[in-house]
Amino acid sequence: MPVTAASDTSPLLAVRQLSVFYGQFRAVDAVDLSVRAGEVVSIIGANGAGKSSLLKAIIGQADRIEGVISYCGEDLAGQGTAEIVAKGIALVPEGRRLFPSLSVEENLHIGWEVGRQGEIGIEDVFGFFPILKERCRQKARELSGGQQQMVALGRALLANPRLLLCDEISLGLAPVVIDSLYKLIPAIKARGIGILVVEQDITRSLAVADRFYCLLEGKVTLASRPSATSREVVMQHYFGL
Ligand SMILES: Nc1ncnc2c1ncn2[C@@H]1O[C@H](COP(=O)(O)OP(=O)(O)OP(=O)(O)O)[C@@H](O)[C@H]1O
Ligand SMILES: [Mg+2]
């Protein structure tokens with residue numbers, strides 16, 4: 001039997017018994033989760049469920065964690081965000097966090113500077129979102145919310161991630177704009193990038209997901225595939241009924 005390299009069979013991301021703390025408060029409680037290359041995994045959960053805390057921990061922004069976060073078979077313990085991003089994990093943060101006084105182009109460039117070497121360049125991002133090419137010299141604060149979200153997503157893609165973390169990219173945006181952002185997910189997936197999508201919009205989140213996890217008060221209450229789960233069961237676990 002041929003010997004298979006560990007990276008061929010092991011998940012891109014494996015989170016085991018992860019807890020995230022703010023002081024004594026445990027916002028994420030013993031979560032197990034995995035994402036494979038080219039897989040879209042959704043995390044759903046109400047306000048305060050611990051979704052953002054989980055993503056922040058993965059990218060090295062949590063103050064204190066317990067448990068193991070392993071990426072490509074390597075334990076990320078003790079590594080800072082810059083190191084983690086350079087290794088190929090990128091976050092589209094909740095609330096976008098652009099530099100408002102920098103231009104579109106300058107904001108995008110930051111992703112390219114901090115990330116890993118790879119095939120995605122600025123022209124690819126302009127191909128995904130042609131409006132950003134037209135607006136490339138405008139300051140980020142002059143853009144609409146949807147366009148700003150495109151910049152945030154483009155910046156993350158320019159880091160050439162193997163794992164992309166998206167925190168509520170649809171929040172506060174019109175359905176037509178959300179469609180244009182979500183349309184990109186299959187193209188990202190097709191490049192073999194693993195995607196972890198956090199959303200409160202259950203329908204939209206499950207529509208793109210291969211698998212999903214439901215979080216309630218920091219704990220995973222359900223881990224399944226959208227096709228294997230009825231809406232009723234999802235709602236019961238979402239609200240803890
Ligand atoms: N910096 C912080 N200091 C103290 N507690 C925090 C901090 N950030 C988050 N929390 C708490 O941790 C819990 C989880 O918050 P988190 O932001 O991870 O939830 P979320 O699922 O992303 O919620 P939302 O849908 O509102 O974005 C909440 O009870 C929140 O109040
Ligand atoms: Mg959040």
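**A hairpin, a covered helix and positive phi angles**

In this predicted model, Leu216 has Lys219 of strand 10 as its bridge partner. The pairing belongs to an antiparallel arrangement in which strand 9 (residues 211–216) and strand 10 (residues 219–224) are joined by five bridges. The two strands form a hairpin with two residues between them. One feature of the turn invites a closer look: Glu217 has a positive phi of about 45°.

Most residues other than glycine have a negative phi. Against that background, two further residues deserve mention. Gln17, which is not a glycine, has a positive phi near 50°. Gln17 lies within strand 1 (residues 13–22). As for its surroundings, Gln17 counts as exposed because 11 other C-beta atoms lie within 10 Å, and the cut-off for exposure is 12 or fewer.

Arg97 likewise is not a glycine, and its phi is positive at about 50°. Arg97 sits in the loop between strand 6 (89–92) and helix 4 (104–114). With 14 other C-beta atoms within 10 Å, Arg97 is partly exposed, as its count falls between the limit of 12 or fewer for exposed residues and that of 20 or more for buried ones.

Helix 2 (residues 51–58) offers a picture of burial: eight of its eight residues are buried. The buried set comprises Lys51, Ser52, Ser53, Leu54, Leu55, Lys56, Ala57 and Ile58, and thus includes two lysines, Lys51 and Lys56. After helix 2 comes Gly60, with a positive phi near 80°.

Notes
Residues numbered from 1 in each chain as written. Chains lettered and ligands numbered in written order. Predicted model: local features only at pLDDT ≥ 70, side-chain atom pairs only at ≥ 80, totals over all residues. Helix = DSSP H or I, 4+ residues; strand = E, 2+ residues; numbered from the N terminus. Pairing = 2+ DSSP bridges.
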